[in-house]
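Reader: I'm new to looking at protein models and would love a close look at one part of this one. Could you pick a spot and walk me through what surrounds it?

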Amino acid sequence: MSVAKPYSLDLKRLRQARERVGAAEAPQAPENGPSEINPTLEVEEVAWRGLLEGGGHGEPQAAEEPVYAGVWLTPAGNLQTAELDHTRLLALKIVADALDPIDVARQVGVPPMVILDALDLAVEEGLLLRPPSLLVRTAPQAGPNAPQEFLRADWFTLQWHITQACDLNCRHCYDRSDRPPVALEQGLAVLDQMAEFCVQRRVRGQVSFSGGNPLLHPDFLTLYAGAVERGLAVAILGNPCKRTQLQDILDIAPPGFFQVSLEGLEEHNDYIRGQGHFQRTMNFLELLRDMGVYSMVMLTLSRDNLDQVIPLARLLRGKVDQFNFNRLAPVGSGSALAMADPEDFRKFLAEYALEAAGDPAMCLKDNLFNLLRQEQGGPPLGGCTGFGCGGAFNFLALLPEGQVHACRKFPSPVGDLSRNSLAEIYDGPEARRYRGGPEACDSCGVRAVCGGCLAVAHGAGLDIFSQKDPFCWLNEPSA
């Protein structure tokens, strides 16, 4: 005669809960209104840990405190079971009691991002049901048969150039105009607008501080802290700094990433960015790694450094978390440099993609990588912003005095925050026009994740609203 295990009763209750929940209909996220707790969720209080792990994990262990076991059905119809830890329980309480996540973060004493990430995780797991984002690609810019995951953006990024001051004098700089830095009061009002916009559009928001060099702004730390306090993700597009300055930033909150630039190997890079810049940047990448900051290196690709990109990527292997390149847009000082030859660039893309297969830090960011993927029968990539050209879709650039552009790499004005709100600018006719991109791309099978590069097309003297990226090789003879 078998002897009942001490946890048998709890295990039986969980099995019965699984049977009940498994027989339910899959829930659907609400179309509007606040987030909801998954109506299929059943929570059982048990006295044992490890009841949900199944065989192969040893015997369940008696718990010192009650364990809350959750059983639920996801919108996709998958039956899920998990011990509801403090993070999951807090996410459920916030929704059940209609609490403000920012207020909760203050009470708990953590950055708002921690609470917002917990809510996102609960939505991802299906514990919470959230109305969908309102940033949606529509026809014809969605393209034919576009995968759904590339049509709705859950994040919106504001690349904020808070100052034109810079400690470099790069030969390819696209804007050396004399603009005053954003005033502190004005800057805090911008952050309020950004936070409000993201709530209204049901998206998470990121502020990428840029310049010039944003670290040279006299109120940088205050603006950075202001973004963090409002629940916005933060990133820095800047130049190398000292350990003490980086520590001041980390004392507020770590950035999602710190991006610096290199333009090739040392000789060419220092020709473009100034003597000694290469070694300073390499030293700074070591500092970022030492202090646990996610690092990114960006390269502006031209005819002169095309053959240095892969050697640089190899040199950076193990030293940087992410390596990207953008094609040169011949604007501003960059108009004195030459874009790569389109045929050479096509061959380069294939070589880069092959190299990147063995180097996870090398990103396939350029939208035209999707042309290669299409030829090879592979699944599409997100492209430049995760949604192809994200200009005025899930991305906007803001200049110090309030001008808003679809993309910072070329003149693409869509409004001015001194006259209109961010929401009004986003919904305005100019933003919609840039968001639409070139008509020549509307029937393309990879339209939703491509659209080419408007800045490159502008630099080549094309009509960006009708003509496609001059580097696109679709409908052209094979090499």
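**Around W160 and the sheet**

Author: Let's start with W160, which stands opposite L398 in β14. Keep in mind that this is a predicted model. The strands behind that pair are β8 (residues 155-161) and β14 (residues 395-398), and they run parallel, joined over four bridges. Now zoom out a bit: both strands sit in an open sheet of nine, ordered β13-β12-β11-β10-β9-β8-β14-β15-β16, and the pairing is mixed. At the edges you'll find β13 and β16 (413-416), each with a partner on one side only. On average, neighbouring strands here are turned by 25° against each other, ignoring direction.

Helix α6 (residues 220-229) lies across β8, β9 (204-210) and β10 (233-237), at about 145° to β10.

Back to W160, this time for its company: along with F209, F323, F348 and Y352, W160 touches the most other members of the largest nonpolar core, which has 108 residues. Helix α9 (residues 277-290) chips in the most to that core, with six residues.

Two of those names, F348 and Y352, are also among the buried residues of helix α11. That helix covers residues 342-356 and reaches 20 Å from its first C-alpha to its last, close to the expected 21 Å. At its N-terminal end, D341 acts as a cap, with a side-chain oxygen 3.0 Å from the backbone nitrogen of E343. The buried residues of α11 pack against β12 (295-301), α10 (309-316), β13 (322-327) and α12 (369-376). As for F323, its contacts include Y352, L316 and M362.

Terms used:
Residues numbered from 1 in each chain as written. Predicted model: local features only at pLDDT ≥ 70, side-chain atom pairs only at ≥ 80, totals over all residues. Heavy atoms only, no water. Core = buried A, V, L, I, M, F, W, Y, C linked by side-chain atoms within 4.5 Å. Buried < 20%, exposed > 50% of the residue type's maximum accessible area, 1.4 Å probe, protein only. Helix = DSSP H or I, 4+ residues; strand = E, 2+ residues; numbered from the N terminus. Contact = heavy atoms within 4.5 Å. Expected span 1.5 Å × (residues − 1). Polar contact = N/O pair within 3.5 Å; in protein donor to acceptor, adjacent residues only side chain to side chain. Pairing = 2+ DSSP bridges. Axes fitted to C-alpha atoms, helices over the stretch in contact; angles between N-to-C directions. Lists of a residue's contacts leave out its neighbours within four places in sequence.
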